[in-house]
Amino acid sequence: MEGQLEVIRSRRKTVSLEIRRDLTVVVRAPWHMSDQAIRRFLRDKQTWIEGHLAQAMERRRELLPPFTEGQLLELKQQATRAIPARVAWFAPTVGVSYGRVAIGRQISRWGSCSAVGNLNFNCLLMLCPPEVLDYVVVHELCHRKHMNHSRAFWAEVERVLPDYQMRRNWLKEHGGALVERLRPKTVDESLSFHPDTSGCSKGGAV
Ligand SMILES: [Zn+2]
């Protein structure tokens, strides 16, 4: 089977299957369902999965074309005007200071926070809903308190944005398609993209 597999256990009673745009196969299962039972379920559904993966790959080919340099420049200008204001707005609520705010076009992350508090944001955030942009801003500001993704970190994000999960899910579901459009010419292809903002690398990047 092609594609990544992600198993999400929760209080649900039934098991469900979903193919994400990035070709991840997502199984949502009840807490008590064993790995073995999940594997059996996947085997039973193999034909369905393969069919849908093929469709998803077809859709991927139809994705919008890569951004042009002009479009990226425009996005960067917009971001340079808009994002520092959102950072300034949320910093007092989070209760932190910060250093420089820079805008980039990294394929690997939506934002990052350095040890000295310099913040970097992806210009593609300008194509996300405003509440998603705010989530990434708050996420990075919360790294000024916790340079990790500990429980305490997420509790802080939740204190500022009680509905942060919804915002984060938007990025998981739609972020990949946006980032795909940075390929192939404008970025280093060797970097892999993690649509989940919690996939931060060291230094508290989103
Ligand atoms: Zn992070």
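The exchange below asks how the descriptions of this chain are justified.

User: What kind of model is this, and from where are the residues numbered?
Analyst: This is a predicted model, in which local features need pLDDT of at least 70, side-chain atom pairs count only at pLDDT 80 or more, and totals for chains, interfaces and linings use all residues. Residues are numbered from 1 along each chain as its sequence is written.

User: How many helices and strands does the chain have, and what pattern does it follow?
Analyst: The chain has six helices and six strands, where helices (H or I, at least four residues) and strands (E, at least two) are DSSP runs numbered from the N terminus. Along the sequence they follow the pattern β-β-β-α-α-α-β-β-β-α-α-α.

User: What makes S2 and S3 a pair, and what lies between them?
Analyst: Strands count as paired if DSSP finds at least two bridges between them; strand S2 (residues 16-19) and strand S3 (residues 25-30) are joined by four bridges in the antiparallel sense, so the criterion is met. Among these partners, Ser16 bridges to Arg28 and Glu18 stands opposite Val26. The two strands form a hairpin with five residues between them, and Leu23 in the turn has a positive phi of about 75°.

User: Why are S1 and S2 called edge strands, and what is the strand order of their sheet?
Analyst: The open sheet has the order S1-S3-S2, with mixed pairing, and S1 and S2 are its edge strands in that each pairs on one side only. Strand S1 (residues 5-10) runs parallel to S3 over six bridges, one of the partnerships being Ile8 with Arg28. Neighbouring strands of this sheet are turned by 20° against each other on average, direction ignored.

User: Which residues of S3 lie on its covered face, and which on the uncovered one?
Analyst: Val25, Val27 and Ala29 make up the covered face of S3, whereas Val26, Arg28 and Pro30 make up the uncovered one. In a regular strand the side chains alternate between the two faces of the sheet.

User: What leaves one side of S4 and S5 without a neighbour in the other sheet?
Analyst: Three strands form that open sheet in the order S4-S6-S5, again with mixed pairing; strand S4 (101-104) and S5 stand at its edges with a single partner strand each, so one side of each has no neighbour in the sheet. The twist averages 15° from one strand to the next. S5 and S6 pair in the antiparallel sense over three bridges, with Gly111 opposite Phe121. H3 packs on this sheet, touching S4 and S6, and its direction makes about 145° with that of S4.

User: How do you know that the length of H4 agrees with its number of residues?
Analyst: The expected span is 1.5 Å times one less than the number of residues; for the 13 residues of helix H4 (residues 130-142) that should give 18 Å, and the end C-alpha atoms are 18 Å apart, which agrees.

User: Why is H4 called largely enclosed, and what covers its buried residues?
Analyst: A residue is buried if 20 or more other C-beta atoms, placed from the backbone, lie within 10 Å of its own (exposed if 12 or fewer, partly exposed in between). Ten of the 13 residues of H4 are buried, so the helix is largely enclosed by the rest of the structure; among them are Val132, Leu133, Tyr135 and His139. The cover includes helix H3 (69-94), strand S5 (111-113), strand S6 (119-122), helix H5 (151-160) and helix H6 (164-180). In the chain of 206 residues, buried residues make up 27%.

User: Why are H4 and H6 called roughly perpendicular or roughly parallel?
Analyst: Angles under 35 degrees count as roughly parallel, over 145 as roughly antiparallel, 65 to 115 as roughly perpendicular and the rest as oblique. H4 and H6 pack at an angle of about 105°, with their axes 9 Å apart, and are therefore roughly perpendicular to each other. By class, their contact has five nonpolar, no polar and three charged residues. Glu131, Val132 and Tyr135 in H4 meet Tyr164, Arg167, Arg168, Trp170 and Leu171 in H6. H4 also lies across S5 and S6, running at about 20° to S5.

Technical notes: Two residues are in contact if their C-beta atoms, placed from the backbone, lie within 7 Å. Axes are lines fitted to C-alpha atoms, for helices over the stretch in contact, and angles run from 0 to 180 degrees between N-to-C directions. Ala, Val, Leu, Ile, Met, Phe, Trp, Tyr, Cys and Pro count as nonpolar, Asp, Glu, Lys and Arg as charged, and the others, Gly among them, as polar.
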